[in-house]
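Work through the exercises below with the sequence and the 3D structure open. Each task is followed by a solution in steps.

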Amino acid sequence: EYGMEKPQGYNVSFHYNPHVEYHHFGSSHPMKPWRLTLTKQLIVAYGLEYTMDLYEPRPASFDELAVFHDRQYLNFLSHVTPQNAKPDDPAYIAFGFGGESNDCPVFDGLWNYVSLYGGASLHAAHNLTNKQSDIAINWSGGLHHAKKNVASGFCYVNDIVLAIQHLLTQNQRVLYIDIDVHHGDGVEQAFESTDRVFTLSYHKYGNDRHGYPFFPGTGNITETGPTDPSNRGKGHCLNIPLEDGIDDEQYKWLFKTVTDAVVQKYQPNAIVLQSGADSLGGDRLGRFNLNIKAHGFCIETVKGYQRPILVIGGGGYTPRNVARTWCHETSVCVGATLHDNLPSHIPYIQAFQGSENGDGILYPDLHNTKRHENVNTNQKLQNLVAKAMENLRYLEG
Ligand code: TV7
Ligand code: CA
Ligand code: ZN
């Protein structure tokens with residue numbers, strides 16, 4: 001009778017334009033767009049492409065990006081090339097380029113790159129508002145540091161802000177959750193004066209032994225948005241600052257306790273989840289000790305809230321583990337279980353072979369306390385949760 005019923009599944013869509021892969025920030029730069037090639041290859045090798053609607057979105061237009069960004073800034077972004085760039089030009093510095101760190105280099109095809117990842121997040125957001133998808137995925141997006149007229153921390157255009165702005169046309173309240181190891185400052189700032197977006201970021205916070213703050217240097221527990229009670233955004237932001245080496249059990253407990261409370265109190269109509277993979281153990285820039293399944297637990301938890309979800313990428317600087325994590329999380333979205341042995345027909349299989357690279361398996365052990373000793377005690381995390389709950393009391397009015 002009911003045996004042939006379609007299982008209660010989710011409509012998942014995957015938004016990806018493979019042209020993003022062909023862009024290079026420079027050989028020594030940690031941001032490697034080809035991590036997306038590896039990710040797509042794992043997804044295809046596991047057969048996950050047949051479980052989702054696949055889209056190859058067009059690049060976003062100047063006007064679509066101008067919904068958030070300043071036109072002068074976009075003018076600069078759309079015309080600057082490595083050949084015509086003038087690093088001493090005050091506009092160049094003001095727009096976040098140059099400086100000694102060279103976090104945001106001018107590279108060939110920059111405008112194409114930013115419009116491709118921006119277009120993919122916008123297309124994914126449209127699929128949610130059209131109700132064509134329950135979960136829409138864009139692993140090429142999640143560039144949370146970009147401001148309306150400044151590039152910052154490898155981010156030029158803020159695809160997340162643009163996607164949330166679109167979601168707000170059909171949803172009264174949007175919850176933004178950010179598990180990248182860095183603070184999601186650009187998204188927080190963009191929506192600091194509205195109560196229609198709640199931003200929640202988990203990140204490393206604090207100074208290193210030389211006294212340099214971990215980038216971008218903001219996101220302490222005390223930072224809850226504007227303090228003026230007449231500002232509608234007051235209290236609609238929560239930051240969870242963490243120290244080096246946090247492990248799976250601690251992170252899972254913390255994530256579930258705090259996020260459950262935010263969802264219960266804020267009652268969002270849609271959720272945007274930035275799933276930066278630099279919070280994994282073994283990341284080139286990260287400081288945590290998380291394994292892939294603990295990172296994926298956050299996606300599982302958010303899926304359990306049964307709201308439309310936009311899942312986007314972000315950081316992630318050890319490409320083989322970025323690919324593993326985002327492949328695993330794609331499987332979580334569609335509700336599939338993957339075998340730990342990688343399928344053999346992966347074009348860049350060498351990237352995943354050898355004891356250093358994870359021995360041909362999907363879920364290698366990334367916990368390494370020699371690399372990052374865990375200085376988060378359970379007591380400190382309990383205090384943090386208590387402060388977070390205190391901050392949330394503002395939502396009760
Ligand atoms: C979302 N960390 C982005 C994260 C952005 C982090 C930073 C680098 C870095 C840049 C390079 C490079 C690097 C090995 C690492 C304060 C400074 C840093 C003095 C030199 N290698 C995301 C941005 C962060 C660029 N920036 O959240 C070219 O690391 O810490 C900083 C800024 C300025 C002064 N300098 C140190 O994950 C996508 N940058 C190699 C080449
Ligand atoms: Ca974060
Ligand atoms: Zn990051």
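**Exercise 1: enclosed space**

About 50 Å³ of space lies in the largest cavity. The model is predicted, so local features need pLDDT of at least 70, side-chain atom pairs count only at pLDDT 80 or more, and totals for chains, interfaces and linings use all residues. Residues are numbered from 1 along each chain as its sequence is written, chains are lettered from A and ligands numbered from 1 in the order in which they are written, and side-chain values use heavy atoms, with hydrogens and water left out.

Task: state which residues lie nearest the centre of the largest cavity, and how its lining divides by class.

Solution.
- Step 1. A cavity is a set of points, on a 1 Å grid over the protein atoms alone, where a 1.4 Å probe fits but cannot get out; lining residues have an atom within 4 Å of a point. Grid points are joined across faces, edges and corners, and a volume is the space filled by probe spheres set on the points.
- Step 2. Leu143, His144, Cys155, Gly315 and Tyr317 lie nearest the centre, out of 14 lining residues.
- Step 3. The lining has 5 nonpolar, 8 polar and 1 charged residues. Ala, Val, Leu, Ile, Met, Phe, Trp, Tyr, Cys and Pro count as nonpolar, Asp, Glu, Lys and Arg as charged, and the others, Gly among them, as polar.

**Exercise 2: zinc ion and pocket**

Task: list the protein donors of the zinc ion (ligand 3) and say which residues are closest to the centre of the largest pocket.

Solution.
- Step 1. Donors are N, O and S atoms within 2.8 Å of the metal (3.2 Å for Na, K and Ca); water is not among the atoms, so sites may look incomplete.
- Step 2. Asp180 (OD), His182 (ND1) and Asp278 (OD) lie 1.9 to 2.0 Å from the zinc ion. Their spacing along the chain is D-x1-H-x95-D.
- Step 3. Buried means under 20% relative accessible area, exposed over 50%, partly exposed in between (1.4 Å probe, protein chains only). Asp180 has 1%, so Asp180 is buried; His182, at 8%, is buried as well.
- Step 4. A pocket is an open set of grid points with protein on both sides within 12 Å along at least five of seven lines. The largest pocket has a volume of about 280 Å³. Of its 15 lining residues, Asp103, Phe154, His182, Phe215 and Leu285 are closest to the centre.
- Step 5. That lining divides into 8 nonpolar, 4 polar and 3 charged residues.

**Exercise 3: an aromatic pair**

Task: classify the pair formed by Phe25 and Tyr156 and locate both residues.

Solution.
- Step 1. Rings of Phe, Tyr and Trp (its six-membered ring) pair if their centres lie within 6.5 Å; planes under 30 degrees apart count as stacked, over 60 as edge-to-face and the rest as tilted. The structure holds 20 aromatic pairs.
- Step 2. For Phe25 and Tyr156 the centres are 6.0 Å apart and the planes at 50°, so the pair is tilted.
- Step 3. Phe25 lies in the loop between β1 (12-15) and α1 (35-45), and Tyr156 in the loop between β3 (135-138) and α6 (159-167), so the pair ties together parts 131 residues apart in sequence. Helices (H or I, at least four residues) and strands (E, at least two) are DSSP runs, numbered from the N terminus.
- Step 4. Phe25 is buried at 5% relative accessible area, and Tyr156 is buried at 0%.
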